[in-house]
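The following report concerns empty spaces, helix packing and charged pairs in a protein structure. Please keep the sequence and the three-dimensional view at hand while reading.

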Amino acid sequence: MESENVIEVVHLTKKFGDFTAVDDISFHVRRGEIFGFLGANGAGKTTAMRMLTGLSFPTSGKGTVAGFDIRTQSELIKKHIGYMSQKFALYGDLTVRDNLELFAGIYGVPRKETDARIDNLLGRLSMSHEKNSRVRDLPQGWKQKLAFSVSIIHKPEIVFLDEPTGGVDPAARRQFWELIYEAVDEGITAFVTTHYMDEAEYCDRISMMVDGRIEALDSPGALKEKFGAASIAEVFDILARGAKRTE
Amino acid sequence: MDSIVIHSLKKTYGKGQPPAVDIRGDLCISKGELFGIIGPDGAGKTTLFRMLATLVSPDSGTAVLEGYDVMADYRKIRTILGYMPGRFSLYSDLSVRENLEFFASVFGKDLESNYGLIENIYCRLKPFERRKAGKLSGGMKQKLALCCSLIHSPSILFLDEPTTGVDPSSRRELWENLAQLKASGMTIVVSTAYMDEACRCDRVGMMKSGRFLTVDSPERIISGFDRRLVSVKSDEMFRLLHDLRGIGDVDRCYTFGETHHLTLKPGSRMTVREIGSVLAGKYGHKGVSVAETDATLEDCYMNLEEKL
């Protein structure tokens, strides 16, 4: 079934002992949109993302990601999504090409297609001349672009980006966002977390998580209007002020 | 009075590599100044911090902190300096309180005598005193690291990207803490990827390829912006970005929150109205709005970058 929603969750809840990390959240993400998943440190974003990416199971509630059930089909979900985070990206000791081959293999790209896809990807990044360089010797900006390209090498339906631009300077952040735009232009859905509130403005819709719940979800424009705020940063402040959890 | 005096500092790692830091001329940072460093990855920010913190020795040049030379008087400097590195460097297996006690004891201090300095920050950690540092969330780790770097009541504090991965509310709290420390007379040098943070500094040094390209107050950097800056919006923002770059008079165009910003080429007489009609006419954009706008520090950064 070709659904227009690539993520749908209803009453999703995750408890650790008597601590409710994710508290009854329901939302959907439409095919082809950039969805910003915002919230303070400790609001429950990571726990929610782990459930959506098949790494952890909900205590209660249900949902589908890329059409697969998050309770029963987590292995299928993993094959149909891409994931990139600032913390884990590529193997620094391997060359650019080796990294690409490794991840293409892990993501199940058919062997006979691998070479063509890698060449195409390197060409688009203008990095063909660097294919035998070790990743750790590349400038940070290139590493990040490469890591993003690797995360969509198997043409997933959704790519999860967990703070992809943390600690990145303003120029490199913008270049990175243009890559996201390009991928979305080709039909991939992007699910992004960020602490940069200007980046929240680049999203089609954003959700704001406070104490495990989604307190607001709409387009950046509508949220600003609703909260009478001049910027998403202000909306964030208004909502974060209501938080009771201290991380 | 100067707290930090740098006189042409250079450091190269490995043969045939370009220098990581290559500061020519002098840079003085006053006592009680809040000095920000911005610049792309690989600009040399961390190497500079490490040299000033006496952890890496310079190949040439000198740096003097509170009258002490980083080479000759490194032992003395380590007692008057607080350094919070970019990577979490506390002991994950020790509890919050144990970490703090450990760092105090390293400097021959006890917790109580300097508690006043960290009280405002530590009060938020207090409920988790017995938790292992490795089990803290990102924002809490940062607070603890700051406490540990302050526990010996240093005269100078270095913070290497203290707010990476920290949410907006915690970032603001940290900067409120820094403002209080500054008010107590502490000299603070901080690197950051956030331009709103850089704006809170007395002066900002923009670093690239190991050198400072500009050192000035945020206000003066901004008032020195000498290009016409235009803010543009339409219903199709991604296509708009490419279309704007296709306009001959446009020099640079980049995303800027809910709008795109562009600078016009020197000498261009293109008006806001003309840009609007090209977008609506030639490119068929809907919901177009175009307006001249004032530069921010972020615009200065984006355009400085281009000049290099």
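In this predicted model, the largest cavity holds about 80 Å³ of space. A search of the whole structure finds five cavities of 30 Å³ or more. Such spaces come to light in a simple way: a probe the size of a water molecule, rolled over the atoms, shows where empty space is left.

The lining of the largest cavity includes B:I121, B:G139, B:Q142, B:K143, B:L146 and B:P162. Also among its lining residues are B:T163, B:V166, B:S170, B:E173, B:L174 and B:N177. Helices α5 and α6 (168-183) of chain B are the elements that give two or more residues to this lining.

The second largest pocket contains about 890 Å³ of space. It is lined by 35 residues, and those closest to its centre are A:R124, A:L125, A:S149, A:L179 and A:E182. At least two lining residues come from each of α4 (111-124), α5 (140-151) and α6 (170-185) of chain A, and likewise from β13 (250-256) of chain B. The largest share, seven residues, is supplied by α6(A).

The table sets out the two linings by residue class.

| Space | Nonpolar | Polar | Charged |
|---|---|---|---|
| Largest cavity | five residues | five residues | two residues |
| Second largest pocket | 17 residues | five residues | 13 residues |

The next topic is helix packing. Two packed helices are described by the angle between their axes and the distance between the axes. Helix α4 (residues 115-122) of chain B packs against helix α5 (residues 138-150) of chain B at an angle of about 175°, and their axes are 10 Å apart. Angles over 145 degrees count as roughly antiparallel, and α4(B) and α5(B) are therefore roughly antiparallel to each other. On the α4(B) side, the residues that meet α5(B) are B:L117, B:I118, B:I121 and B:Y122. Their partners in α5(B) are B:K143, B:L146, B:C147 and B:L150. By class, this contact comprises seven nonpolar residues, no polar residue and one charged residue. B:I121, B:K143 and B:L146 appear in this contact and also in the lining of the largest cavity.

The last topic is charged pairs. Over all chains, the structure holds 39 salt bridges. One of them joins A:D23 and A:R213, whose closest N and O atoms are 3.4 Å apart. Because A:D23 lies in strand β2 (residues 19-30) of chain A and A:R213 in strand β10 (residues 213-218) of chain A, the pair ties together parts that are 190 residues apart in sequence.

Key
Residues numbered from 1 in each chain as written. Chains lettered and ligands numbered in written order. Predicted model: local features only at pLDDT ≥ 70, side-chain atom pairs only at ≥ 80, totals over all residues. Heavy atoms only, no water. 1 Å grid on protein atoms, 1.4 Å probe; cavity = no way out; pocket = protein on both sides within 12 Å on 5 of 7 lines; lining within 4 Å. Points joined across faces, edges and corners; volume = space filled by probe spheres on them. Helix = DSSP H or I, 4+ residues; strand = E, 2+ residues; numbered from the N terminus. Nonpolar A, V, L, I, M, F, W, Y, C, P; charged D, E, K, R; others polar. Axes fitted to C-alpha atoms, helices over the stretch in contact; angles between N-to-C directions. Parallel < 35°, antiparallel > 145°, perpendicular 65-115°, else oblique. Contact = heavy atoms within 4.5 Å. Salt bridge = Lys/Arg side-chain N within 4 Å of Asp/Glu carboxyl O.
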